[in-house]
Amino acid sequence: MLVLLFRFLSIFPLPFLHALGAALGWLVYLSSPSYRRRMRDNMRQAGYAAHLPTAIAEAGKSIVELPFIWCAAPERVSRHASDENWIVVQQALDAGRGIVFLTPHLGCFEIVAQEIALRTELTVMYRPPKKAALKPLIEGARARNNLLLAPATMSGVRILAKTLKRGRPIGLLPDQVPQEGEGVWADFFGRAAYTMTLPAKLAQMGDAVIIVTYAERLPHGRGYVVRFVPFEASLEGTAAEQARAINGAMEQLIARSPGQYYWSYNRYKVPAGASAPDSGAQARAKAEAETAAKAKAGGEAA
């Protein structure tokens, strides 16, 4: 039934789906106190509370656009997307180096992998949905063309590592909360967040280039712009320092379009079996955020 519904909705034009999604976003926000509280708290924590109305509508769009992204013909989906700065990707491909694409939950992250796969083979890490009924729909939508799936297991990690060593690209969502033992506590918008260490390990293992990317959702259903940004931070130091560097790059990317980030996600949860961050880590994170905010304010004043 769900597959039939998605296929039916994929027939409709994107402007209609986005309008419907914006209405859904407000409906969910107004009807769910826990959803509403988490979204507001996370945006306030990051300093983007003023973007709340936009974020409410964009969250709804991210759901209702899925039938179009997953079930419409790939050529039809691609007509609604354009690329910005693909040259940084092409240079890495031409040099024969592996690429680690880091795509946060920003904008239409589902279309990013599809757009990359139209130009080159891409292997992405995939965690099966908790509801078995969704598995055929999601896997069928994601594993097409040059898009390959690697399970979120040790065997999947080995697949990703081998792919990088062959000079081929992989994709990860770096702002997902990993399982216990697979992450470290690192500052994310001034608060300690359990952050995966896998991106840095894979990049160093395969001597790969890191490129951060997202698809900005254009107004009124006009489509998407997939933006590719070189990762310029250093991955030297401890696992926590590496995780913080990646979180910093994600913060910079989110700052480009803060209303389109997935703010309702429980980014600061403590995964089962993991110890909560100590008060010292929280204090250091807060101090770092305050220092960064003062530096930003000083730069704007100048």
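A residue counts as buried here when its relative accessible area is under 20%. With that cut-off in hand, let us walk through this predicted model, starting from strand β8. Eight of the nine residues of β8, which spans residues 209-217, are buried, so the strand is largely enclosed by the rest of the structure.

**The sheet around β8**

Where does β8 sit among the strands? It belongs to an open sheet of seven strands with mixed pairing, in the order β1-β9-β8-β2-β5-β3-β4. At the edges are β1 (81-84) and β4 (147-151), each of which pairs on one side only. On average, neighbouring strands of this sheet are turned by 25° against each other, direction ignored.

Three of the strand pairings are set out here, each with one pair of facing residues.

| Strand pair | Sense | Bridges | Facing residues |
|---|---|---|---|
| β2 and β8 | parallel | four bridges | L102 and V212 |
| β8 and β9 | antiparallel | seven bridges | A215 and V226 |
| β2 and β5 | parallel | four bridges | F101 and G171 |

Strand β2 covers residues 99-102, and β9 covers residues 224-230. The link from β8 to β9 is a hairpin with six residues between the two strands, and H220 in that turn has a positive phi of about 60°.

A helix joins the picture too. Helix α11 packs on the sheet, where it touches β2, β3 (122-126), β5 and β8. The direction of α11 makes about 170° with that of β5.

**The nonpolar cores**

Now for the interior. Which residues have the most contacts inside the largest nonpolar core? They are M39, V100, L202 and W263, in a core of 43 residues. Strands β2, β5 and β8 each supply at least two residues of this core, and so do helices including α3 (33-46), α4 (52-64), α10 (154-165) and α11 (198-205). Helix α12 gives the most, with six residues.

V100 is a handy residue to click on in your viewer. Leaving aside neighbours within four places in sequence, V100 is in contact with L164, I170, L172, A203, A208, V209, I210 and I211. There is also a second, separate core of 35 residues, which includes L93, V112, L122 and F228.

One last pointer for reading the strands: in a regular strand the side chains alternate between the two faces of the sheet.

Note on methods. Residues numbered from 1 in each chain as written. Predicted model: local features only at pLDDT ≥ 70, side-chain atom pairs only at ≥ 80, totals over all residues. Heavy atoms only, no water. Buried < 20%, exposed > 50% of the residue type's maximum accessible area, 1.4 Å probe, protein only. Pairing = 2+ DSSP bridges. Core = buried A, V, L, I, M, F, W, Y, C linked by side-chain atoms within 4.5 Å. Contact = heavy atoms within 4.5 Å. Axes fitted to C-alpha atoms, helices over the stretch in contact; angles between N-to-C directions.
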